[in-house]
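Subject: Handing over the structure we talked about

Dear colleague,

I am passing on the structure that I have been reading through, and I would be glad if you kept it open beside this message. Please look at it first, and then come back to the notes underneath.

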Amino acid sequence: MSFQHYSLIQAPMAGGISGARFVAEASRAGALGSVGAGYLSGAAILESARGVRDAGGDAFAINLFIPPSQTPDAEQVVNAKAALRSCYAAAGVAMPEQFAPLPSFDEQFEAVLEARPAVFSYTFGRLPRDRMDACRARGIVLVGTATSVAEAQALAEDGVDAVVLQGEEAGGHRGSVDPLAPGMALDALLAACRQAVSLPLIAAGGLMDGADMARVMRAGAAAAQLGTAFLRCHEADTAEVWKQRLADAGPGATGVTRAVSGRWARGLANAWMDERAPQDIAPYPEQHRLTSPLRKGAGADWKSLWAGTGAHRSREMPVAELVRTLEEEWKSS
Ligand SMILES: Cc1cc2nc3c(=O)[nH]c(=O)nc-3n(C[C@H](O)[C@H](O)[C@H](O)COP(=O)(O)O)c2cc1C
């Protein structure tokens, strides 16, 4: 598989958006569909890959979150838990005593090897050499995520096949290694990385139509990865309230917060964007675990409504129609 075949990538979107039918439709229409598997167990990853293939998706990507190397400070977690009590109360959701653990990365990675997708993409860090070798031995193409020139250079040194350059306009979590790293605007990041890295560069962040794709291709990107543009697709499992808020969004509707997970992430502005003291937020991924029951149980004001700066330009249509529309717009731009 080569990136010459793909100008458009349907971004991996963890959290139950990229279901099998959605990914298969994106791939069948000619984009590279991606399963956002960051929160899935090994068994669920295998089931999802089977589902995509059963629905006619041939080549697709599976995406995981690289876990942090440090264990969180226990006191910070206790503080964050105490601070979240008022949020649970405000949302009218009972705060549990115990919080479910996240799936093990080892188990997830083994499932990726077994599922053998065309592409394994990852974010929040680097993949150890033995794991890169295990992917290569199975013919799996490797794609890492960078939010700075230094991160792109580190991934190139590791020997990835392509790098997603995620600009600060992007919806969802910032894919930096350091969870607190500042972001960089996509066009500047792309221009800087073109000089520094000679690998296929995949542009991501705020790209909503074919003219946006044409802009980044002219600036040297090999492909464009779009997330928010796909959130209102009929087959996307985005919650109805989220789709509605996207439909209602005007320019400037998004903000960034690290109160949801401990990592910076961009979404439609709601109660999570309110300012919080740093000591009230546990490090990623502990904060994600602590806020998970609240986000599941509450209404839209306390859900994580991830979306990029182009949210107000999202369109509602079937996935295949969006892929076709984007390619037609791109070619005529
Ligand atoms: C709802 C949502 C979930 C996301 N989940 C992931 C993920 O699991 N893994 C990942 O690498 N990127 C994830 N991203 C980021 C995308 O890969 C991509 O960088 C981003 O969507 C591009 O910006 P855009 O949303 O403005 O198109 C997510 C983005 C959104 C909007």
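What follows is a walk through some features of this structure, one region at a time.

Please keep in mind from the start that this is a predicted model.

Let me begin with a small sheet. Three strands make up an open sheet, and their order across it is β7-β11-β10, with antiparallel pairing. The strands at the edges are β7, residues 172-173, and β10, residues 254-257, and each of these pairs on one side only. As general background, the strands of a sheet pair through backbone hydrogen bonds, in either a parallel or an antiparallel way. On one side of this sheet, β7 runs antiparallel to β11, which covers residues 265-268, and two bridges join them. If you would like to find these two strands by their residues, H173 has A265 in β11 as its bridge partner, while G172 is partnered by R266 of β11. On the other side, β10 and β11 are also paired in the antiparallel sense, here over four bridges, and G255 has G267 in β11 as its bridge partner.

The loop between β10 and β11 holds R258, a residue that deserves a careful look. Which side chain of opposite charge is nearest to R258, and how far away is it? It is D178, at 8.8 Å, and R258 has no salt bridge although it is buried. The cut-off for a salt bridge is 4 Å, counted from a side-chain nitrogen of Lys or Arg to a carboxyl oxygen of Asp or Glu. When neighbours within four places in sequence are left aside, the residues in contact with R258 are L180, R263, W264, P278, I281 and Q287.

One of those contacts, Q287, is also among the buried residues of helix α10, which include E286, H288, L290 and R295 as well. The buried residues of α10 pack against α3, a helix that spans residues 74-91. The loop between β11 and α10 contains P285, and the peptide bond that joins Y284 to P285 is cis, with omega at about 0°.

Next, please turn to helix α5, which runs over residues 129-137 and in which R131, M132, A134 and C135 are buried. These four lie on the same side of α5, because they cover an arc of only 160° around the axis. On the other side of α5 you will find D130 and A137, which are exposed. What do the buried residues of α5 pack against? Their packing partners are α4 (105-115), β4 (119-123), β5 (141-146) and α6 (149-158).

Within helix α5, A134 has a relative accessibility of 17% and therefore counts as buried. A134 lies 24 residues from E110 in sequence, and in space the two are 9.7 Å apart, taken from C-alpha to C-alpha. Just after α5 comes G139, which adopts a positive phi of about 75°.

Two further residues have a positive phi without being glycine, and they can be read side by side. R116 sits in the loop between α4 and β4, and its phi is positive at about 50° although R116 is not a glycine. F124, in the loop between β4 and α5, is likewise a residue other than glycine, with a phi near 75°. Are these two buried or exposed? R116 has a relative accessibility of 47%, so it counts as partly exposed, whereas F124, at 4% relative accessibility, counts as buried.

Finally, there is the nonpolar interior. The largest nonpolar core has 91 residues, and the ones with the most contacts inside it are I62, F120, Y122, L127, L165, L226 and F230. Helix α4 contributes the largest share of this core, namely six residues. There is also a second, separate core of 14 residues, and I9, A162, V164 and A204 are among its members. To follow one residue in detail, you could take L226, which touches L8, I9, Q10, A11, L207, M208, M213 and L326 when residues up to four places away in sequence are not counted.

With best wishes,
A colleague

Technical notes. Residues numbered from 1 in each chain as written. Predicted model: local features only at pLDDT ≥ 70, side-chain atom pairs only at ≥ 80, totals over all residues. Heavy atoms only, no water. Pairing = 2+ DSSP bridges. Buried < 20%, exposed > 50% of the residue type's maximum accessible area, 1.4 Å probe, protein only. Lys, Arg positive; Asp, Glu negative; His and termini not counted. Contact = heavy atoms within 4.5 Å. Arc of directions from axis to C-beta. Core = buried A, V, L, I, M, F, W, Y, C linked by side-chain atoms within 4.5 Å.
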